[in-house]
Amino acid sequence: VSGVFSFLEHKNELKEMAKVGLTGGGASLWKSFVEPLVILTILVLNAAVGIIQSKSAQSSLSSLEKLQPSLSTTIRNFVTLDNHSASSLTPGDLIVLKVGD
């Protein structure tokens, strides 16, 4: 007789677990798929924004390089050279800086 009661108790527990599994468990199962997808979406969007900002920064730097003067006033061997090409500067040259340069 006790075996029958034990069987019936386990049967009721299984029914309750099945109900929870279909209602609450289904929600947690859904949540376990949705949360990683949301996180992955955020990571992909973050990477895309990073790439866009990087390209924007590169174009800004190239624009600034175009504005940079390529001529300088240089003192070499105690001789002042006006409008000297900045690409031909050598170690030991002194660059004269003025306001607005």
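Patches are made of residues with over 30% relative accessible area and no salt bridge (a side-chain nitrogen of Lys or Arg within 4 Å of a carboxyl oxygen of Asp or Glu); nonpolar side chains (Val, Leu, Ile, Met, Phe, Trp, Tyr) are joined within 5 Å, like charges within 9 Å. The model is predicted: local features need pLDDT of at least 70, side-chain atom pairs count only at pLDDT 80 or more, and totals for chains, interfaces and linings use all residues. Residues are numbered from 1 along each chain as its sequence is written, and side-chain values use heavy atoms, with hydrogens and water left out.

**Exercise 1.** Identify the residues of the nonpolar surface patch and place valine 38.

*Solution.* Step 1: the patch consists of Trp30, Val34, Val38 and Ile42, with about 410 Å² of accessible area together (Shrake-Rupley method, 1.4 Å probe; for residues, only the protein chains shown count as cover). Step 2: valine 38 belongs to helix 1, residues 2-67 (helices are DSSP runs of H or I, at least four residues; strands are runs of E, at least two; both are numbered from the N terminus). Step 3: its relative accessibility is 44%, so valine 38 is partly exposed (buried is under 20%, exposed over 50%, partly exposed in between; 1.4 Å probe, protein chains only).

**Exercise 2.** Locate the salt bridge and describe its partners.

*Solution.* Step 1: a search of the whole structure gives one salt bridge. Step 2: aspartate 93 pairs with arginine 76, their closest N and O atoms being 2.7 Å apart. Step 3: aspartate 93 lies in the loop between strand 2 and strand 3 (94-96) and arginine 76 in strand 1, so the pair ties together parts 17 residues apart in sequence. Step 4: aspartate 93 is buried at 15% relative accessibility, whereas arginine 76 is partly exposed at 25%.
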